[in-house]
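Please open the model in your viewer and keep the selection panel at hand, since this tour moves from the whole chain to its interior and then to a pocket.

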Amino acid sequence: MKVIVRALEEATNEYERELIHNIKVSGYQVTAVGGDESSAPFAYSIGIFHSYRRPDLLVVGLGVKACSELVSLYGRRIRAGDGQFETGYYYSDFLTGFDVFMLEANEHAKRELTLSCKWFYRGIEFPLLQCVWPSIKGFWPWDQDAWTDYKKQQPLYGIPPTLRN
């Protein structure tokens with residue numbers, strides 16, 4: 001997949017200039033968005049696919065700081081060559097004490113959540129994983145016994161493993 005990204009000359013404001021600069025210097029940037037009554041907080045990477053040919057990452061529902069820290073951890077591991085994360089797999093070595101599941105994020109996530117990625121990549125033709133985390137009791141959002149509030153806290157932007165062929 002070949003994607004043409006934005007150049008510094010195309011930046012129209014300080015945020016866009018800083019975004020491009022950070023990607024050139026660090027390989028990626030993390031952007032966080034606070035939640036409200038109708039949406040969960042989330043964070044995502046911009047530039048990982050451009051810099052390292054690995055999917056960018058979205059984390060939803062843990063709070064802005066925790067979501068940002070998980071995305072940063074992912075970015076550091078990718079940059080260090082220690083992250084071959086793929087969709088459809090559980091990873092026990094990503095978050096200490098918990099497994100995570102990497103889910104291929106859908107077009108809705110790319111269009112409505114990861115707006116800086118959409119701008120940087122000139123559209124939604126970039127790979128994006130959603131890092132799904134378990135509840136404190138070990139349930140996943142797709143588990144029948146998972147609490148409703150937990151499911152609302154972490155909406156899924158892809159097809160859960162229980163619905164795959």
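With the whole chain selected, begin with its overall dimensions: a compact globule of 165 residues would have a radius of gyration near 15 Å, and the chain of this predicted model has 16 Å, which agrees. Along the principal axes, the C-alpha atoms fill a box of roughly 50 × 35 × 30 Å, and 45% of the 165 residues count as buried.

Next, colour by secondary structure, where six helices and six strands appear, running from the N terminus in the order α-β-β-α-β-α-β-β-α-α-β-α. Among contacts between residues at least 6 apart in sequence, 56% join residues at least 24 apart.

Now select Ile46, Leu58, Ala109, Phe120, Tyr121 and Phe126, which have the most contacts inside the largest nonpolar core, a set of 23 residues. Helix H1 (14-26), strand S2 (42-46), strand S3 (56-60) and helix H5 (115-120) are the elements that give two or more residues to this core. Apart from this core lies another, of 20 residues, and Tyr74, Val100, Met102 and Tyr150 are among them.

Which residues line the largest pocket? Select Leu62, Ala66, Glu69, Leu70, Leu95, Phe98, Trp133, Pro134, Ser135 and Ile136 to display its lining, which encloses a volume of about 160 Å³. Helix H3 (residues 64-79) supplies the largest share of that lining, three residues, and by character the lining residues divide into eight nonpolar, one polar and one charged.

Key. Residues numbered from 1 in each chain as written. Predicted model: local features only at pLDDT ≥ 70, side-chain atom pairs only at ≥ 80, totals over all residues. Heavy atoms only, no water. Core = buried A, V, L, I, M, F, W, Y, C linked by side-chain atoms within 4.5 Å. Buried < 20%, exposed > 50% of the residue type's maximum accessible area, 1.4 Å probe, protein only. Helix = DSSP H or I, 4+ residues; strand = E, 2+ residues; numbered from the N terminus. 1 Å grid on protein atoms, 1.4 Å probe; cavity = no way out; pocket = protein on both sides within 12 Å on 5 of 7 lines; lining within 4 Å. Points joined across faces, edges and corners; volume = space filled by probe spheres on them. Nonpolar A, V, L, I, M, F, W, Y, C, P; charged D, E, K, R; others polar. Rg over C-alpha atoms; globule rule 2.2 N^0.38 Å. Contact = heavy atoms within 4.5 Å.
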